[in-house]
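Here is a short note for a colleague who is opening this structure for the first time. Please read the points with the display beside you.

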Amino acid sequence: MLKTRLLTTALMYAITATYAGPTDGLERPPVPSVLALSNNGSEAELLIYGLIGDIFWDGITALQIVAMLDQLNVDTIRVRINSRGGVASEGIAIHNALKRHPANIVVVVDGSAESIASLVAMAGDEVIMPANTLMMIHAPYTPQGGNAKQKREQAEVLDTMAAAMAESYIAKTGKRAEIEALLADGLDHYFTAAQAIELGLADRIEETEGAAVPQAAAAAALCSYISAIASAPPSFTAGLRGRIQASTTPLVFASLPEETQRAVVAHIEDPSMKQQYLTILANGAGTPSAPAAPIAPVATAQPAAPALAAAPVVLDHSAAVALAMTALRDHNTEITALAAAHVDNAEVRTYVDTVIASADPNVS
């Protein structure tokens with residue numbers, strides 16, 4: 001009975017959290033979450049890329065964030081977010097930890113801040129969104145089963161949690177009626193940067209055309225990928241190597257310790273790029289500088305962010321909705337695949353045959 005309850009709980013967490021990363025089949029696992037911190041003395045940068053909460057031994061927890069914040073005695077903390085959400089209570093705790101810190105908190109949405117990740121973003125004294133990013137708000141939800149009485153109790157708990165969550169959005173926007181409506185209708189509400197600013201969820205649009213990735217953030221992300229790949233299962237390593245290669249630029253590479261530089265070079269698979277960074281590594285060790293021309297082509301590999309992204313574009317409302325629907329369908333495919341691995345469990349089987357089978361495929 002205990003084993004059954006644990007499995008059901010694990011499935012519930014997996015379904016209520018939304019995974020980041022594309023899938024081209026049922027066998028690919030989600031990209032590991034990345035939490036990284038860099039500190040130059042007066043300003044720190046905190047990278048939150050992935051799931052919120054400990055979900056199947058992955059995800060970014062409030063405990064990790066609090067431990068990092070306790071180290072910081074800086075004027076400004078720049079929090080960069082790319083997350084589809086996760087566990088509501090963890091996100092609330094992260095939001096409150098950021099609000100309590102005496103530093104000026106600047107939140108930048110690098111990709112999307114969805115579900116509880118959007119509430120984390122509300123901790124920012126300033127919230128910045130490039131024009132091609134998204135924010136999504138919806139009411140908390142759970143797929144937990146039960147009888148009619150239990151369902152009514154669960155509904156009351158969810159209403160109470162929605163009311164608590166609303167206070168964070170209201171504190172940022174000052175629009176109680178609008179926020180309460182967003183958290184009461186059961187819909188997923190996606191906002192472009194311009195729409196988020198209009199509602200008060202964000203403060204300004206960041207111009208990203210031609211902008212370079214902040215060196216400290218890119219270096220922190222690169223170190224996290226190197227650390228993660230050392231213990232990652234084979235199914236994760238190819239994706240991590242791609243991120244290492246995409247995140248490496250000459251300036252970021254030069255800022256790393258020599259040991260980390262050697263680890264980066266070891267995971268670069270493109271032969272010409274590997275040779276170019278071996279040259280940079282050799283120059284750093286004191287050998288004669290190579291001519292500038294051979295090194296210049298490295299710029300063709302410069303990323304827009306640690307996560308691979310297309311050139312920034314401004315999404316109109318219809319494009320944003322289309323993008324959101326594609327993400328939902330990918331997410332539902334992942335849920336189905338996850339459940340399929342445990343169909344020998346009676347409770348999971350019942351859930352698959354009833355809730356999943358009858359669900360609208362366009363709704364997560």
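Which residue in E7 does Leu134 stand opposite? The partner is Thr192. Keep in mind that the model is predicted. The points below start from this pair and move outward.

1. **The E6–E7 pair.** Strand E6 covers residues 134–137, and E7 covers residues 189–192. The two strands pair in the antiparallel sense, over 4 bridges. Leu134 with Thr192 is one place to see them face each other. Met135 is another: its bridge partner in E7 is Phe191.

2. **The other partner of E6.** E6 is also joined to strand E4, residues 104–114. Here there are 3 bridges, and the strands run parallel. Ala113 stands opposite Met135 in E6. Met135 therefore turns up in both pairings: it faces Ala113 and has Phe191 in E7 as a bridge partner, and its strand runs parallel to E4 but antiparallel to E7, a pairing that rests on at least two bridges between strands.

3. **Two covered faces.** In a regular strand the side chains alternate between the two faces of the sheet. What does this look like in E6? Leu134 and Met136 point one way, Met135 and Ile137 point the other way, and all are buried. E7 is likewise covered on both faces. His189 and Phe191 lie on one side of E7, Tyr190 and Thr192 on the other, and all are buried.

4. **Helices H2 and H3.** How do these two helices cross? H2 spans residues 62–69 and H3 spans residues 88–100. Their axes come within 9 Å and cross at roughly 10°. Angles under 35 degrees count as roughly parallel, so H2 and H3 are roughly parallel to each other. H2 passes H3 in a right-handed crossing.

5. **What meets at that crossing.** From H2 come Ala62, Ile65, Val66 and Leu69. From H3 come Glu90, Ala93, Ile94, Ala97 and Leu98. The residues of this contact divide into 8 nonpolar, no polar and 1 charged.

6. **Ala219.** Buried or exposed? Ala219 lies in helix H8, residues 215–231. Its relative accessible area is 11%, which is under the 20% cut-off, so Ala219 is buried. Leaving aside neighbours within four places in sequence, Ala219 is in contact with Val252, Ser255 and Leu256. Look also at Ala36. The two residues are 183 residues apart along the chain, yet their C-alpha atoms are separated by 9.3 Å.

7. **Gln245.** This residue is in helix H9, residues 234–247. Gln245 has a relative accessible area of 23%, so it counts as partly exposed. Beyond neighbours within four places in sequence, its contacts are Ile268, Glu269, Asp270 and Met273. Asp270 is 25 residues from Gln245 in sequence, and the two are 8.4 Å apart in space, C-alpha to C-alpha.

8. **The whole chain.** How many helices and strands are there in the chain? There are 15 helices and 8 strands. Of its 364 residues, 44% count as buried. Take the contacts between residues at least 6 apart in sequence: 70% of them join residues at least 24 apart. The contact between Gln245 and Asp270 spans 25 residues.

How values were computed. Residues numbered from 1 in each chain as written. Predicted model: local features only at pLDDT ≥ 70, side-chain atom pairs only at ≥ 80, totals over all residues. Heavy atoms only, no water. Axes fitted to C-alpha atoms, helices over the stretch in contact; angles between N-to-C directions. Parallel < 35°, antiparallel > 145°, perpendicular 65-115°, else oblique. Left-handed = near helix turned anticlockwise from the far one by under 90°. Contact = heavy atoms within 4.5 Å. Nonpolar A, V, L, I, M, F, W, Y, C, P; charged D, E, K, R; others polar. Buried < 20%, exposed > 50% of the residue type's maximum accessible area, 1.4 Å probe, protein only.
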